[in-house]
Amino acid sequence: MAGRNGRTVRDLRRGNRAAVLRRLYFDGPMSRFELGPATGLSGGSISNVVAELVEDHLVEEAGTVESDGGRPRTLLRVAPSGGHMIGVDVGETRVRVELFDLTLTELARTERPLEHHGYDVEVVVGHIRDGIAEVLADTDIAPEQLLGVGIGVPGIVARTPGQGAVVHGQTIGWDAVPLESLLRSTCELPDTVPYFIDNGARTLGQAELWFGAGRGCRNAVVVLFGSGIGACLVTEEVEYGRPLEWGHVTVQVRGRRCRCGALGCLEAYAGAGALVDRWREAGGHPPVGADEETALAALLAAAHPAQAAEADPVALAVLEETAEYVGAGLSDLVNLFQPERILIGGWAGLQLGPRFLPAVRRYADAYALRHPAERVSIDLGKLGPDAVTVGAASLPLADLFARGGRPATHRQDREGATG
């Protein structure tokens with residue numbers, strides 16, 4: 001039966017369960033007494049909802065706490081064994097697969113390199129398939145226990161009725177790759193296990209906003225620096241973030257050719273590979289045959305050696321110019337979205353780290369409008385190189401919250417929730 005606002009009793013019950021589950025997840029352990037004012041629900045509703053969540057093995061007791069003049073109150077928390085999620089990061093140099101319990105504690109992981117095959121679709125799908133099988137085998141977790149598999153990928157993800165998630169990754173040579181249908185036909189998982197495939201910057205953003213440097217922020221931009229560059233906008237209106245192809249804003253008219261084919265993109269100047277290329281072109285000496293992470297580390301070591309007097313002026317100049325490009329690109333985000341915080345993550349962003357950040361802040365402030373620039377902080381993310389994987393695993397978790405702790409039972413339901 002639907003009320004005046006169109007909500008049914010089932011909708012209200014799901015909303016109540018979601019409110020309690022989310023509060024316990026992010027702020028627990030808590031007592032039933034504390035959950036009332038924290039969720040706005042009555043004592044009777046709290047008792048009913050908690051009883052259901054305990055019966056569903058999603059919530060468990062976590063000790064007691066003394067009360068003022070009465071009996072000790074029982075604390076409640078989300079049960080780690082209440083579900084399991086897999087997070088996958090399709091990165092620039094490797095595919096990382098991790099298995100988590102319901103509290104996002106890592107239970108198993110595996111990594112598979114991509115250097116020799118690049119983003120060959122069959123290779124990536126095979127790495128994901130084998131990685132999922134390996135982490136499940138390492139822990140004896142049955143596939144039926146999975147709430148879902150979250151996957152962060154480069155590019156734009158579109159959802160179609162027939163093929164599920166389709167990836168448009170222009171910079172990696174993926175033209176409408178039906179990744180979800182390829183995985184369903186390849187991975188030995190039950191059809192009831194959903195896939196949640198999204199842009200890697202969005203999964204990074206969700207991780208930092210839920211568990212990292214963005215907690216409590218109502219309006220933030222999380223940027224990802226690696227070989228490629230991306231960003232995710234999170235506002236009160238778009239809770240789980242909106243991916244932005246920020247790496248392909250033009251910072252130099254008729255500038256360097258980007259991997260996407262256009263001229264003058266930010267990624268063509270500040271992506272890890274482009275940065276190392278510019279160092280080489282300016283007369284620097286990256287290690288021969290080294291991968292991007294090693295070459296970028298060599299650039300930083302040349303610019304900031306143990307003895308400051310031995311610093312390589314070419315490396316310093318390249319990093320300073322790159323900081324200006326990044327700062328100018330961040331100023332666009334500041335002017336367009338006026339965020340409270342900008343958080344920098346991704347392996348290259350974290351590797352550049354504190355030595356790079358002061359110059360970036362200086363240039364962002366110089367190029368942005370004064371009013372929004374005075375109200376934004378620019379910092380590094382806190383979750384490290386695993387942030388994309390954690391964020392990917394949180395996509396099934398977000399779906400579980402949206403359903404009030406009840407997993408989807410039909411494929412159509414899942415597509416409706418994640419489309």
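What follows is a chat between a trainee and a mentor about a predicted model.

Trainee: Let's start with the sheet. What makes β6 and β11 its edges?

Mentor: Look at the order, β6-β5-β4-β7-β11, an open sheet of 5 strands with mixed pairing. β6 (106–113) and β11 (195–199) each have a single partner strand, so one side of each is left without a neighbour in the sheet. From one strand to the next, the twist averages 15°.

Trainee: How do you know that β7 and β11 really count as paired?

Mentor: Two strands pair if there are at least two bridges between them. β7 (residues 146–153) and β11 have 5 bridges, in the parallel sense, so they pass that cut-off. One position to look at is Ile151, whose bridge partner in β11 is Ile197.

Trainee: And what lies across β7 and β11?

Mentor: Helix α6, residues 200–211, which runs at about 100° to β11.

Trainee: On to the hairpins. Which strands does β9 pair with, and in what sense?

Mentor: β8 (residues 156–160) is joined to β9 by 5 bridges, and the two run antiparallel. β10 (residues 174–177) also pairs with β9 in the antiparallel sense, over 2 bridges. The cut-off is at least two, so the β9 and β10 pair still qualifies.

Trainee: Which residues stand opposite each other there?

Mentor: Between β8 and β9, Ala158 is opposite Val166 and Arg159 is opposite Ala165. Between β9 and β10, Val167 is opposite Val177.

Trainee: How many residues sit between the strands of each hairpin?

Mentor: There are 3 between β8 and β9, and 4 between β9 and β10. In the turn of the β9 and β10 hairpin, Gly173 has a positive phi of about 80°.

Trainee: Why is β9 called largely enclosed?

Mentor: Of the 6 residues in β9 (residues 164–169), 5 are buried, so the rest of the structure largely encloses the strand.

Trainee: Now the cysteines. Why is there no disulfide between Cys260 and Cys265?

Mentor: The sulfur of Cys260 has its closest cysteine sulfur in Cys265, at 3.8 Å. A disulfide needs the two sulfur atoms within 2.5 Å, so 3.8 Å is too far for a bond. The structure as a whole holds 0 disulfides.

Trainee: Why are Cys187 and Cys260 called buried?

Mentor: The cut-off is under 20% relative accessible area. Cys187 comes out at 8% and Cys260 at 17%, so both count as buried.

Trainee: Last stop, α13. What does its span look like against the expected value?

Mentor: α13 (residues 387–402) has 16 residues and reaches 22 Å from its first C-alpha to its last, close to the 22 Å expected at 1.5 Å a residue.

Trainee: Where is the kink in α13?

Mentor: At Leu395, shortly before the proline Pro396, with a bend of about 30°.

Trainee: What makes α13 "mostly covered"?

Mentor: Of its 16 residues, 15 are buried. Each of those is under 20% relative accessible area, so "mostly covered" is a fair label. Just after α13 comes Gly404, with a positive phi of about 65°.

Conventions: Residues numbered from 1 in each chain as written. Predicted model: local features only at pLDDT ≥ 70, side-chain atom pairs only at ≥ 80, totals over all residues. Heavy atoms only, no water. Axes fitted to C-alpha atoms, helices over the stretch in contact; angles between N-to-C directions. Contact = heavy atoms within 4.5 Å. Buried < 20%, exposed > 50% of the residue type's maximum accessible area, 1.4 Å probe, protein only. Expected span 1.5 Å × (residues − 1). Bend = angle between axes of the 7 residues up to and from the residue.
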